[in-house]
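Here is a short report to read alongside the model. Keep the viewer open and follow the headings one at a time.

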Amino acid sequence: MTALLPVLILLTSLIPAAITFFLAQDSKRLRIALNLGGAVLKLGLIVFMLAEVAQGTVHETRLEFAPGLYLLLRVDALSLLFVSLSAFLWLLTTVYAIAYLRDGPELSRFFGFFSLCVAATTGIALSGTLISFFIFFELLTLSTWPLVVHKQNAKSIAAGRSYLSYALPSGAMLLVAIVWLESAVGPVEFARPVDFGPLDRTSQQVIFALFIAGLGAKAALIPLHGWLPAAMAAPAPVSALLHAVAVVKAGAFGVMRVVLDVYGLERMTDLGLALPLSVLAALTILWGSARALQQDEIKKRLAFSTVSQVSYIILGIALASPFAVIGGLAHLVHQGLMKITLFFCAGIFDERADIRRIDQLDGIGAHMPWTSVCFSLGAIGMIGLPPTAGFVTKIYLGIGAVQADALWVLAVLGASTLLNAAYFLPMLYRIWFLQPTAATTEGAKPNERPLGLIAPAVITAFASIAVGLLAASAFSPLALATQIAERQYLR
Amino acid sequence: MLAIVALVTLPLVAALMAVVVERRGEWIALLSVIGVVIALSVLMPLVATDGPVDLVIGGWQAPLGITLRADGLALAFAGMAALVMAAVLVSARTLYGASPSEAETRGQWAFWPLALLLWGALNVAFLSRDLFNLYVALELLTVAAVALVAIEGKRESLAAALRYLMFALMGSLAYLLGAALLYAGHGTLDIGLLAARDIGDASGATGSRRASDIMAAGLMTAGLAVKTALFPFHAWLAPAHAGAPAPASAILSALVPKASFVILLRLWFEALPGLTTPALLATLGGLGAAAVFYGSVLALRQNRLKLIIAYSTVAQIGYLFLVFPLAGGDSYAQPWAAGAWTGVIFQALSHGLAKAAMFLCAGVWIIAVGNDRLSGMRGLASATPMTMSAFGIAGVALVALPPSGGFTAKYLMLTAAFASGQTIWAVVLLLGGLLSAAYLYRPLAMAFSRDDDATFAPVPRSLQVAPLLLALAAILLGLGSQAPFSLIQTGRPAAAAEGLE
Amino acid sequence: MIASATLFGLCGAALIGLGLYGFVVQAHLLRRLIAFNIIGSGIFLLFGASGARDQLASTDPVAQALIITGIVVALAATAFGVGLVLAFAKVTGQTHLPEESDARQRPLKAGLPDRSVQTIVKDPAG
Amino acid sequence: MNGVVGPTLPLAALIWPLLIGAFAALPPVRQHALRLLPLAPLPALWLAIVGVDGLTLAPDLLLGVTLGAAGPAALLFALTATLWFAAALHAQGSMANTQKPAVFTGFWCLTLAGNLGVFLAQDVATFYVAFAAVSLSAYFLVVHEATPAALHAGRVYAVLAILGEVCLLLAFVIGATVAGSVLIVDIRAALPTTPLAVMTTVLLVGGFGIKAGLMPLHVWLPLAHPAAPTPASAVLSGAIVKAGIIGLMVFLPIGTGVGPVLVVMGFFTAFAGALVGLRVRAPKAILAYSTISQIGLVIALVGTAIETQAADMATVAYYAFHHGLAKGALFLGVAVFAASGGRWRISVLIMLGLVALSVAGAPMTGGGLTKMAAKPGLGKAAELALTLSAVTTTLVLAWFLHRLSAGTTPSKDDGARPSWLVTLPTLALGLAAVGLPWWMWGEWSGMPADYPLRLASLWSAVWPVALGLALAGAMAATRWRAGTRDQADPLWWTRSIARATAPLRTVPRQMAGWRGAVANQLQAAARVAATRIVDAADTAERTVLAWRISGLTVLAAVLIVVALIGMA
Amino acid sequence: MSGLAATGFDLMLCALILGAALAAIAVRDLFGAVVFFIVYGVFVALAWLRLEAIDVALTEAALGAGLTGVLMIGAVSRLERLTSRDQDQDAAGPQSPPTSSAARIATMVGAAGIGGGLAWGFITLPPSAGLQLAVAENLAASGVENPVTAVLLNFRGWDTLLESIVLLAALIALWSLARDQDWGRRPGLRQHARPGGVMATFGRLLPPFGFLLGVYLVWTGSAQPGGAFQGGTVLAAVWLLVMMAGLKAAPRVSSTRLRWALIAGPLLFIGVGLAGAVAGTFLGLPTAYAKPLILTIEAGLTLSIAATLALLVLGAPMAGDGLGPDQPDKEPAR
């Protein structure tokens, strides 16, 4: 069972993917059953695994390709954090996507790649070696592209091109980093400390830079973030996937792996890499927020907001102080919950009320109260107001910054909060306090049903409040992050 | 033993039968495919476990007679060829399959023997250890290949065939001359016996470098490079591969250049390793690198799908020549040489499968659209999803993204490049991969664009399956690279396999 | 006194050089095939001569056999080549490949796409 | 889950309003949601009355919640609960037909919970959460009327509230880090030991100062308090500003030199606030300035307490307690007055005048007592300033009463009597303001029981008020028009800045333009380069396509390979 | 011949060969070039005689000079007719423009370099490295006395088998060049020899002798110079003559009998090989049965080679004069 479980978890999305591709467009029920079944099963298996891991079982599966090239699935606490998040959000996103796309074209293709995408994410989470990570990382790139271009219009094709033109070169850099490193130190397993002996200091630094460049595109670090706002041309479930469940997260997760498991916090600091990385993350935070402020389209604003928010994770890791690391880890989950809520809602606005631009939001709160409430909760979380998840992160990052003697980070956090407020609050203001324009009110009253559309948003919205409110409880993401950090990385 | 015999004779016998038996070409071809597959499935495990198997033809040992040897290299390529041929033959049924009630047509008659002869020649080229026998095989290959290029009889394809013929004849002559010189100098044509003479190695039996050996090496290298379409001798390739009907293109692009490449490998890594010089290896690698960039740039420039795929072959062939700097010469006995060598072979195999799949996809789309212009491809993703996926998956292998065979290849080669400190080749590999993504993206995006007005001719599903299976095979090569890896190691010239541990 | 073998060997070398020159320089396809045959027989001569240098034994039978095979193969290639040339001439009325009428000024008719580079760069998706 | 350790009442007092608020969102309840308002502070009132010992711990919540109430905080907690209760009752009458009652109720309860929370919180996270809740939810109370003025006030409020939140967050983060603990007492103790003390203190003063309306951070207050519905104004001015005060009281580190600064700023606010109050005409706006002024005094007292290391700050709380009740009464009274006609107007005016006198510190009133209690700790100058502030306070409140009576359109019905629901709470608050301090004197002033009745004390209380009244009378006699504008406009300077910086606004657009231009240039250059490369490859391809060239290449290749091999 | 005379003869022969080759390449007139090429072939055959390689000489004369010459002459005449019509269409004309002199000189240098390198390599070859001795040792076991035949049919029979298949491949390739509408017709142009003319007379007189010669060459090949290829060439020439004389039409490409004839030799060869494989050795000829087996194979090969060679000379099936545009289909397709 210990060797099988990670594979089973992978298969719960791989098999639905494989079958879904071959389903006819009209075999709707089977498709839904497959995808939902896979998602539920996966969540179940993960819960089971959580229990097992808590008892100290090590799950490890090895798949040899060629000497030196093998796939290793190994479950550690960090994997669990990420895989639980993605599995949970996948389930919700699937429900949402089914309701959102309903009878759209090419559904089998869509859901096939959708599942594949999650399979890749799961693989990323469970990977025990750099090369396994890379394999799933690239698989993720590939399986996301058809989703990004799903609408098949000029705009989404352009978005897809933009995505690939960032993702592929950076994937190449990642490969260089991995191969360079491994050709010197042998295969890198996350569970084993890496002996950097054969590499000189400069090489180590260059490799690190390559790693960051390789992961940076997915993590949307400036200046590699350009694809993310363009990708908002994709349907809302895909945006949710990109921003919260899979892609961006995979990038951030990769940075974690590299910093925490490959280099280790101490070595990163010794090499003088912590400061540049945190500066980069900080710049991304500010730049993303500033750009978000300039956007007129909801999804674009949210996209830039993601650019900013994901770098909180990286900032936390880069600061390398205990609280910052914990905050960064926790934000992996927090950002996912909040951002997915926002994208769910943006999707509902778009799908149900044809609202895509911010100035169309006027007064929608009255018509679409549930959506609007969820959106507001997500936004509040993004600003980092208590008692939401974002608040917890921010406080941890702040404490971490002080611990790391990086007071400038406090200024960044403050500025970022203000900027976040500056671009989210006007939206809320429009939603709740302005009178509906003629365009919004004419025609039938917008409808927030079916349940599949609104329920996921409600769940994630309240989850994002709950994880903040119950941050100190033993099962909160924060608690998990604390355990992970203290057990594995902050010795 | 019998299996080796079957491997080389079955396609030839089938070709002969296809000459006389009217309108049954496809069935004969199918039988031979089955036979060859059986033979391979017997041979491969045997060789993987027990090492290379020799077939001494007529019982006459070299130097008097000819030996065929089934080693890992040969079987890997023969296996790939069998897969590609199987797919191609299945696909060709719609184009060249005859219905018993109608009169035989030229194409229906000529395609099958030509394809089968080509296959037979390939298998001989992969297995034979005799330089002259290889020459005959190459000539057989050339005649069949040129004929396949010309088979449509159009102006462009005839011109392409003639051009191809010129290059190929030149290559054959140069190779033949080299083989003759080696025989004249050493009294044997057998690769193994030549290797035993340590040619060019000052400590070897023949002492220092001989003028005839150097000339032979120069001529054979150039000749084989021409036949492999290494830049800058590639000019024939694109018009020829693009001008042939899709199934023929698949064979031509996926398989034909590999035969001469395998001979080149055997020449430099088995027969004449002592003659290598760093400058030569660097030059060959450099030409390969140039091919990668040049072919990619030209592929980017094309507006016809088949030309894109064909120029992609020019580029992909370039990777193969990185084996010389990475595994040849001083690297020969280094730990990373095994990786480089195996990586290059993986690259060749993966490219073969993927490229064949792509040409077959192009064939499907040509049926659907009527031509292979990129601008006509809008909407194909929805109309022919299976072919679309095949093309996409093949693209993954070609761009060398995981988990394809191309990725395994690239990984091994990259590791070798870094391990040997020759990072320049790593740069080539990476940029080449990105460029290939760029040129493959264009047709992909075009097919993905929505065009609600487009109408397409229906394409039988059976025709769409073959490319998909081939593309999946290219992926499987990566997923299950353990078995091919150990197979390729079998009979590898240098005992450096432990280098990757 | 020079042995005949040496003489004919050198003659073969010269023929190869001569043939190569003709094979490369001439544009007329039939002439190329003639040049091809001259190279071929030059090679055979060189090969045969190398097998006949030993005055004690007769000419190396293996070399002879290979040469015979080579001649047949060359004939086969030549016959097919002639057929191709004829077929090409029948379709185009030409005896040389289109690009060799003037490689530098005339646009290519066969094989290459006709769109100018500029349009491609400007419109990569087009 | 470890559940809750210690008394559960404090936690219940905080959660109960939230439940009420959530309940209000239920569709059947929505229309009558306002009825729920008085229920919300009941547990808090109970807590205020009975009190609890020890701390309440809820380790699972937030970052681990610690609650407790003692001393000044408990007093202010009681004030808050009372005030909210009174305002809730008042709202039953004054807001019966308001729009969106459910939303109002919901945020009312949320604000209430936060407001109560800041007094109970013993750990920084809980404090911050509560503070944010009170601070941000109050926004909805401000904008409830949805008039342009309310929305404008809301915007200003929101901006400053968020700014304040950020300041506090940063300060708390630093504090928690240097203390290695989230308990407020630890943080306060640890702050002076860190090199970051000054910065943290500045952040704290900034964050709390905004909330409390410390000049010059007060700009939101005169806009927001008048814009809210009257009950909300009452709690805003009476209770919510105290959130800032309690923050200053419990966080500011002792012995960092911040005291004198606070004293100076506080007195400046006290006088300036009152004087600016004379410049506006709307009664509620005048009251708002009065609040600013009074809070300035409180802050000055806090500063003094810090300076003199009087850690318990009982007198400060005592003073603030009275002001809360009184200001609540005054705000509620505005509505009562508006609803009254004829003789009722007179009675109401008298009652309000009494409360106003109390605020001004007239002898024998509650306000007078609290002021007296505050004086002993002060230095000479401060004492004088405090005494003098009564003059300005008298002036501004007189101006308030004048504007109230003059500026409010009398009810048509001469005998109109406001509903008891409105009147009673107002009256109760007023009476409490005047009377309760007497009852509490012994416990909170730390001075002899007869002290207020001593002549010196009386005199020192009387003359400023009298002076103020005289000045008011003089003003009335000379018909000197004090106020020029109806509403407050504390942000007039921003418009000048906006005008002055108008040309700068195009800078981002220009920058974007430049960025675009540079990008275009780069793209064009890349395009040209790409064209060149492709053209070169194309030419090369045409060249090698000719066998004459390629053949030559092959010949050359043979020779080159030969040379490369032969060289060695 | 004495040494000096022999050398003198050899020198002259070399000069003639080179001269003919030069002429074949350089002469302006295409027909002239072909004639020189045939002459060249004859001279080369002489050279093979001088090198005591009778088998090669025979093959070179029959194939290199003879059949290739016929092929070329036929091609020249057909090309003249094919290209004359299009003269106006292409400004460059059927004659290709000259290569630039720089390229010409460069090619000359390159070709000379290779020739020189070869000469150098040839001269510096070690004394002897051939396989004469090995062949002589094993000749007894090969079943034939002619060492060349032994190599061709036994020691390196695999080469010969492939070679025969190459020949067949060339024919298939050639036929595949036919136009679709011409499929099923007879290969080559229809011959119109005047009845009673020279051609017709030759056509009646020569075949019996030629046939005898051809069979003899095959038969004697086992012991003396000669063999399937040489004999097959003679037979092919005979058949060609018969067809050119108009005595017998070429068979249709769809003729089943013809096709069997084409594959008979290779098929037989492979059959023997496979039988050997089943018995233990692929293409192994047990000494006891070697000679009859070789003769059988040769017989089959001769038949196929003769047919293939003749048809290779005739060319792809075509209608009428093969000049297109499509003429009315006078002959039924089958």
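## A strand pair in chain B

Strand S1 of chain B, residues 53-56, runs antiparallel to S2(B), and four bridges join the two. If you would like one pairing to look up, Val56(B) has Thr67(B) as its bridge partner in S2(B). All of this belongs to a predicted model, so please read the contacts below in that light.

Strand S2 of chain B spans residues 67-70 and is covered on both faces. Thr67(B) and Arg69(B) are buried on one side, while Leu68(B) and Ala70(B) are buried on the other.

## A strand residue in chain A

For a contrasting environment, go to Glu64(A), which sits in strand S1 of chain A, residues 60-66. Glu64(A) counts as partly exposed because 14 other C-beta atoms lie within 10 Å, between the limits of 12 for exposed and 20 for buried. Apart from neighbours within four places in sequence, Glu64(A) is in contact with Tyr70(A) and with Gln482(B).

Chain A also carries a UniProt annotation: an unreviewed entry lists "domain: NADH:quinone oxidoreductase/Mrp antiporter transmembrane" at residues 127-415 of chain A. In the model, that span is 78% helix and 0% strand, and its end C-alpha atoms are 36 Å apart.

## The nonpolar core

Which residues touch the most other members of the largest nonpolar core? They are Val84(B), Ala144(B), Leu148(B), Leu353(B) and Ala170(E), in a core of 855 residues.

Val84(B) is a good one to display with its surroundings. Beyond its neighbours within four places in sequence, Val84(B) is in contact with Ala250(B), Ile251(B), Ala254(B) and Leu255(B), and also with Gly352(B), Leu353(B), Ala356(B) and Leu470(B). Leu353(B) therefore appears both as a contact of Val84(B) and among the core residues just named, where core members are buried and joined through C-beta atoms within 7 Å.

## Chain E and its two domains

Chain E contains 11 helices and zero strands, so its element string reads α-α-α-α-α-α-α-α-α-α-α from the N terminus on, with helices taken as DSSP runs. Of its 334 residues, 52% count as buried. Among contacts in chain E between residues at least 6 apart in sequence, 74% join residues at least 24 apart.

The domain assignment divides chain E into domain 1 (1-81) and domain 2 (145-321). Their centres, taken over C-alpha atoms, are separated by 24 Å. At the junction, 11 residues of domain 1 of chain E are in contact with 12 residues of domain 2 of chain E. On the domain 1 side of chain E, the touching residues are seven nonpolar, three polar and one charged. UniProt, in an unreviewed entry, lists "domain: MrpA C-terminal/MbhD" at residues 15-81 of chain E. That stretch is 91% helix and 0% strand, with its end C-alpha atoms 35 Å apart.

## How the chains meet

Which two chains share the most contacts? Of the eight pairs of chains in contact, the answer is chains C and E. Chain E also meets chain D, with nine residues of chain E in contact with seven residues of chain D. The chain E side of that meeting has four nonpolar, five polar and no charged residues.

Some pairs do not touch. Chain A and chain C have no contact, and their closest C-alpha atoms lie 9 Å apart. Chain A and chain E do not touch either, with their nearest C-alpha atoms 36 Å apart.

Notes. Residues are numbered from 1 along each chain as its sequence is written. Chains are lettered from A and ligands numbered from 1 in the order in which they are written. This is a predicted model: local features need pLDDT of at least 70, side-chain atom pairs count only at pLDDT 80 or more; totals for chains, interfaces and linings use all residues. Domain bounds come from an automatic or database domain assignment. Ala, Val, Leu, Ile, Met, Phe, Trp, Tyr, Cys and Pro count as nonpolar, Asp, Glu, Lys and Arg as charged, and the others, Gly among them, as polar. UniProt positions are given in the numbering used here, feature names are shortened, and annotations may be inferred rather than shown by experiment. Two strands pair if DSSP finds at least two bridges between them.
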